[in-house]
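Here's a quick tour of one model, starting from a single side chain and working outwards. Keep the viewer open as you read.

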Amino acid sequence: TLGNATTIATAARNALADAFDVLVNTGAGTATLLLRNSTTTLASFNLSNPAFGAASTGAITLSGVTISATASAGTATAVDNYQILDRGSAVVWTGAVTGSATITSGQTVNLTSLVITWPAS
């Protein structure tokens, strides 16, 4: 059996991160990041192509920020989850959002940075 302690080499972490970016850039449309409350999209950000820069120390950083979007739904509604969709509109990554401020329809929402890191262990 293998032990519980693992270490992932930086080269492997970079390969995983770059492969994620390739996956996000799959399809013919525009990759997007959605800010949502339950199943309702509150704001949608169009991502650059490629969406992320080249991996470094297991991390990728969103390209083309700051991105602005106009909130399309919600009346003082808190963001509770997000999704990253590839260029074909397939969900690639989803997760919870905690401690979020509220978004109101018509409000300008800015995405100023996003870094995704694959851990070394």
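Start with Arg 36: its side chain reaches the backbone oxygen of Ser 38 at 3.1 Å, and a polar contact here is a pair of N or O atoms within 3.5 Å, where, within protein, one must be able to donate a hydrogen and the other to accept it, and residues adjacent in sequence count only if both atoms are side-chain atoms. Bear in mind that this is a predicted model, where local features need pLDDT of at least 70, side-chain atom pairs count only at pLDDT 80 or more, and totals for chains, interfaces and linings use all residues. Residues are numbered from 1 along each chain as its sequence is written, and side-chain values use heavy atoms, with hydrogens and water left out.

Is Arg 36 buried or exposed? Arg 36 is buried, and buried means under 20% relative accessible area with a 1.4 Å probe, counting protein chains only. Even so, Arg 36 has no salt bridge, a term that calls for a side-chain nitrogen of Lys or Arg within 4 Å of a carboxyl oxygen of Asp or Glu. Asp 80 is the nearest side chain of opposite charge, and it sits 6.5 Å away; for charges, Lys and Arg count as positive, Asp and Glu as negative, and His and the chain ends are not counted. Leaving aside residues up to four places away in sequence, Arg 36 touches Thr 41, Leu 42, Ala 78, Val 79, Asp 80, Asn 81 and Gln 83, with contact meaning heavy atoms within 4.5 Å.

Arg 36 lies in strand E1; strands are DSSP runs (E, at least two residues), numbered from the N terminus. Five of the six residues of E1 are buried. Here are the partners of E1, where pairing takes at least two DSSP bridges:

| Partner of E1 | Bridges | Sense | Partner of Thr 32 |
|---|---|---|---|
| E2 (residues 40–46) | six | antiparallel | Asn 46 |
| E6 (residues 81–85) | five | antiparallel | Leu 85 |

Ser 38 turns up again in the hairpin of E1 and E2: two residues lie between the strands, and Ser 38 takes a positive phi near 60°.

Zooming out, the chain has one helix and 10 strands, with the helix leading the order from the N terminus. Of its 121 residues, 34% count as buried. Among contacts with a separation of 6 or more, 70% come from residues 24 or more positions apart. The C-alpha atoms fill a box of roughly 50 × 30 × 25 Å along the principal axes.

Methods
Buried < 20%, exposed > 50% of the residue type's maximum accessible area, 1.4 Å probe, protein only. Helix = DSSP H or I, 4+ residues; strand = E, 2+ residues; numbered from the N terminus.
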